[in-house]
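Me: I have a model open and would like to go through the labels people put on it. Could you help me check them one by one?

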Amino acid sequence: MSNTPMAASPLTRAVLEIDEYVSGLGWDQPARLFALVDTARLRTQEPALAAQLGLADAQETSGLTPIEQEEIPAGKPLDDFLGTIAWPDAVVGCALTVERLMLPPSAEAQVPEGLSEKKLAAWVARHPDRQEVRMTVAVLRDGTRDAAIRLREKDSPTEVLTGGKLVPGLAEALAATFED
């Protein structure tokens, strides 16, 4: 992971690793779901998988390894899909990348009232101040959260914004996948 700060927390490093991986695939990608597993535990309990992932000889003794899951079904609302997920105990967290259009806070006052979800999406898509963003949001079972946001117009690893409170709604939805 070339652009991840070593001083960052393991969760931040995992989020940035996922962001870098997905950015290498280009834009206009479907949402992608990742399980986060403890790297040391993976090496001990699944040495063949760790070797396949290139982790067998890694120097780092702690950290999280993202493992991409099967493709999210096309056409199924993300909230509905997330509601179907149950993680095994070996999964200590999860992450999701998704591309969306966002508006600056100053545009909130301009939103017409009473629009359906479909009409609101169309209105946002036509708004002159819209920004295309890729969000990578991760949560751990203990509630720890982090996120990375990359603007399409500033598509550079040095322009990625990170923070635990950036996408609270999506973080809540991911955290719910760990509830019984």
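Me: Where is Ile-85 found?

Reply: Happy to help, and keep in mind that this is a predicted model. Ile-85 is in the loop between α4 and β3.

Me: Why is Ile-85 called buried?

Reply: Its relative accessible area is 16%, and the cut-off for buried is under 20%, so Ile-85 counts as buried. Leaving aside residues up to four places away in sequence, Ile-85 touches Leu-33 and Thr-177.

Me: What makes Asp-28 exposed?

Reply: Exposed means over 50% relative accessible area. Asp-28 has 58%, so the label fits. This residue is in the loop between α1 and β1, and its phi is positive, about 65°, although Asp-28 is not a glycine.

Me: How many aromatic pairs does a search of the whole structure find?

Reply: The search finds two. In one of them, the ring centres of Tyr-21 and Phe-34 are 6.2 Å apart and the planes stand at 90°.

Me: Why is the pair of Tyr-21 and Phe-34 called edge-to-face?

Reply: Two cut-offs matter: ring centres within 6.5 Å make a pair, and planes over 60 degrees apart make it edge-to-face. With 6.2 Å and 90°, Tyr-21 and Phe-34 meet both, so edge-to-face is the right term. Tyr-21 lies in helix α1 (residues 10-23) and Phe-34 in strand β1, so the pair ties together parts that are 13 residues apart in sequence.

Me: How do you know whether Tyr-21 is partly exposed and whether Phe-34 is buried?

Reply: Buried means under 20% and exposed over 50%, with partly exposed in between. Tyr-21, at 40%, falls in between, so it is partly exposed. Phe-34, at 3%, is under 20% and therefore buried.

Me: Why is the pair of Trp-87 and Phe-178 called stacked?

Reply: Their ring centres are 6.2 Å apart and their planes are at 25°. Planes under 30 degrees apart count as stacked, so this pair is stacked. The pair links distant parts of the chain, 91 residues apart: Trp-87 is in the loop between α4 (78-82) and β3, while Phe-178 is in the segment after α6 (168-175). Trp-87 is buried at 13% relative accessibility, and Phe-178 is buried with a relative accessible area of 13%.

Me: How do you know that Arg-134 lies over the face of Trp-27?

Reply: The distance from the ring centre is 4.1 Å, and the cut-off for a charge over a ring is within 6 Å. Arg-134 therefore passes on distance, and it does lie over the face of Trp-27.

Me: What makes β1 and β3 a pair of strands?

Reply: At least two bridges are needed. Six bridges join β1 (residues 32-38) to β3 (residues 91-102), so they pair, and they run antiparallel. Arg-32 stands opposite Thr-97 in β3. β1 also has five bridges to β2 (residues 64-68), again antiparallel, with Leu-64 as the bridge partner of Asp-38.

Me: Which residues touch the most other members of the largest nonpolar core?

Reply: They are Leu-33, Trp-87, Leu-170 and Leu-174, out of 26 residues in that core. β1, α4, β3, β4 (131-140), β5 (145-151) and α6 each supply at least two residues. A second, separate core has 14 residues, including Val-15, Val-22, Leu-36 and Leu-64.

Methods
Residues are numbered from 1 along each chain as its sequence is written. This is a predicted model: local features need pLDDT of at least 70, side-chain atom pairs count only at pLDDT 80 or more; totals for chains, interfaces and linings use all residues. Side-chain values use heavy atoms; hydrogens and water are left out. Buried means under 20% relative accessible area, exposed over 50%, partly exposed in between (1.4 Å probe, protein chains only). Helices (H or I, at least four residues) and strands (E, at least two) are DSSP runs, numbered from the N terminus. Rings of Phe, Tyr and Trp (its six-membered ring) pair if their centres lie within 6.5 Å; planes under 30 degrees apart count as stacked, over 60 as edge-to-face and the rest as tilted. A charge sits over a ring if NZ of Lys or CZ of Arg is within 6 Å of the ring centre and within 35 degrees of the ring normal. Contact means heavy atoms within 4.5 Å. A nonpolar core is a set of buried Ala, Val, Leu, Ile, Met, Phe, Trp, Tyr and Cys residues joined through side-chain atoms within 4.5 Å.
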